[in-house]
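Here is a short walk through one protein model, meant for a reader who has not seen it before. Please keep the sequence and the structure in view while reading.

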Amino acid sequence: MPLGERGGWESSESMYCGVETDFSDDVPSLLSFHISTGGFDYVLAPLMNPSYRPSLVEANGSSDTQALPVSGSDLVLAPSQWSSHVVGKVSSWIDLDSEDEVLRMDSETTLKQEIAWATHLSLQACLLPTPKGTSCANYARCVNQILQGLGNLQLWLRVPLVKSDGDSMDATSEGLNDSWELWNLFRLLCEHDSKLSVALDVMSNLPSETSLGRWMGESVRAAIISTDSFLTNARGYPCLSKRHQKLIAGFFDHAVQVVVSGKPVHNLQKASDSNTEGTQKHPLRSYLDYVAYLFQKMEPLPEQERIELGYRDFLQAPLQPLMDNLEAQTYETFERDSIKYIQYQRAVAKALVDRVPDDKASELTTVLMVVGAGRGPLVRASLQAAEETDRKLKVYAVEKNPNAVVTLHNLVKMEGWEGIVTIISCDMRFWTAPEKADILVSELLGSFGDNELSPECLDGAQRFLKPDGISIPSSYTSFIQPVTASKLYNDVKAHKDLAHFETPYVVKLHSVARLAPSQPVFTFAHPNFSTKANNQRYKKLRFNLPSDAGSALVHGFAGYFDSVLYKDVHLGIEPTTETPNMFSWFPIFFPLRKPVEVHPNSPLEVHFWRCCGSKKVWYEWSVSSPTPSPMHNTNGRSYWVGL
């Protein structure tokens, strides 16, 4: 029974818990015991008798007549049972990088036979054993050959969750100080194949928080928790440490399956005795119950997060608001973001009070222009600010989209704003205003601040602002930070072309590891009456990984913005200062054609350019250290924003 069905969770949010078993040639009984009796959702079971060695069969001369010693015929379960309730486990003895040639050849033959059998059974996934040492080139070569011909079968590489801080006590017997290094080597040798994932063996000792954080951006499919890792609570039942609980909750949030492994180490005889007579409690049931408890006690997702579930790690091309007219559905999504318009209303109210003293409020009328008025939310926010501050207002609503202008006219008529609001159906860059404005209000910001051409639009519109006029927003800054984002990288790579690696994407970041704090990139301030105004920009940034994090693979950069609307009223999505409960903007993601491995003692140096032509604006980016990457998007060959 899925863990989610034990609480008040929706079935789409259910998580599953498996159990690791020994080899059995009676699979129906294995499933009956662990699933029907034990309550687990699936078994992680060996597919081949562990004593099988191809060389011994050949030595006996019976290789042509003897069937493979698999765990029973495919007919013992229905295809749907094989698919839903069994994850295959490749023989743990295989060692494709052994000095012993017989063992090496036996290992390669067995691996291919077992994967072929798993494919025949239509299994969804198969667990590969941990590489025996830090040298795993031949193992990876063989797995990569298999991956090229796989259909739906996913391969999970078993990796111990280990990261020592130079203390050999934390390292494994193979001398492995950081298991991420092993996973990264194997993954790169297998060409970052999307069908290869990782299953982490969670030990009783956990690495540091920052080290664990790296794995949230990797394609982790399963967390295998040994019964040895459980503590004992006051009633004698298994439980996990606070740090383990936090880790498992993080795994649940990233759709990682949990697998319980090992023999029971908690003496719960009394609990078993209290069972109904004639039924035997599964020896690992108390561990499953505890995992289910951890899932159930997680806070349900807030409503907005639930709405955005489908957008998690989903790549979207940024809007082209100057070249394209937005559709009604897009307007509606943005207009639902009440927090954003509350901030705008606060900014306009402060500007009105600064602009008109209380003793002149009844006689002075402030001229306010909303440039890029859309269907009118900023017009409404501005008029509400005027009402709140008891200031007189005259509004020009400038909008280039003729379809939105229809809505604006209807809104003005419906609200009775005819004497206050004048609608201008024109591109703000080409309109000739009949008078100068005191306040210029716009919502032209993109996920990266300037990526929807706010600087160019406002430079064109500021000519109808008084010399002492106010622009809302008054400034905005873009930010970037390096991220591990295995899923995003594979989704871009799936297009098999250069253009997609040179396109920034708007994306609801979820399965990412943020490797260092974000840093500011480009800043624009308005109005900018400088005669040498230039919207081209260049910035070099250096990022340092925390010393206890271990190495990491940078797949690209997450981009954000923060804007000052007016004085102390701000709006933004930069993680440390983001405006709470606002959903108009997802972050932006700049991919790297070739991921860069970064070490804590070696800074990551990255360069970003904002380039301007007569008809378009585009970004170029590159890494120069620790290893140089190619220049991305030269001359805007793959991505640009049209003027």
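The paragraphs below take up a sheet, then a pocket, then a set of annotated positions. The model is predicted.

Begin with the sheet. Five strands make up an open sheet, in the order S13-S12-S11-S14-S15, and their pairing is parallel. The edges are held by strand S13 (421-425) and strand S15 (465-472); each has a single partner strand, so one side of each is left without a neighbour in the sheet. On average, neighbouring strands of this sheet are turned by 25° against each other, direction ignored. Strands of a sheet pair through backbone hydrogen bonds, either parallel or antiparallel.

One pair in this sheet can be followed in detail. Strand S11 (residues 365-371) and strand S12 (residues 392-399) run parallel and are joined by seven bridges. Within this pair, Leu368 stands opposite Val395 in S12. Helix H14 (residues 377-389) lies across S11, S12, S13 and strand S14 (437-442), and runs at about 175° to S12.

Turn next to the largest pocket, which holds about 1300 Å³ of space. Its lining consists of 50 residues, and Leu319, Leu326, Thr330, Phe334 and Glu452 are those that lie nearest the centre. Helix H11 (303-307), H12, H13 and S12 each supply at least two residues of this lining. H12 gives the most, with six residues.

The annotated positions come from a record. In an unreviewed entry, UniProt places the feature "binding site" at Tyr331, Lys340, Tyr341, Glu399, Asp427 and Met428. These positions span 98 residues in sequence, and the farthest two C-alpha atoms are 23.7 Å apart, so they do not all gather at one spot. The lining of the largest pocket nevertheless takes in Tyr331, Lys340, Tyr341, Glu399, Asp427 and Met428.

Two of these positions deserve a separate look. Tyr331 is found in helix H12 (residues 328-335). Is Tyr331 buried or exposed? With a relative accessible area of 10%, Tyr331 is buried, because the cut-off for that term is under 20%. Apart from neighbours within four places in sequence, Tyr331 is in contact with Leu326, Gly374, Arg375, Glu399, Asn401 and Ala404. Glu399 in that list is also one of the "binding site" positions.

Lys340 is found in helix H13 (residues 338-355). Lys340 is also buried, with a relative accessible area of 2%. Leaving aside neighbours within four places in sequence, the contacts of Lys340 are Phe334, Glu443, Leu571, Met582, Ser584 and Trp585.

Key: Residues numbered from 1 in each chain as written. Predicted model: local features only at pLDDT ≥ 70, side-chain atom pairs only at ≥ 80, totals over all residues. Heavy atoms only, no water. UniProt positions renumbered as here; feature names shortened; annotations may be inferred. 1 Å grid on protein atoms, 1.4 Å probe; cavity = no way out; pocket = protein on both sides within 12 Å on 5 of 7 lines; lining within 4 Å. Helix = DSSP H or I, 4+ residues; strand = E, 2+ residues; numbered from the N terminus. Buried < 20%, exposed > 50% of the residue type's maximum accessible area, 1.4 Å probe, protein only. Contact = heavy atoms within 4.5 Å. Pairing = 2+ DSSP bridges. Axes fitted to C-alpha atoms, helices over the stretch in contact; angles between N-to-C directions. Points joined across faces, edges and corners; volume = space filled by probe spheres on them.
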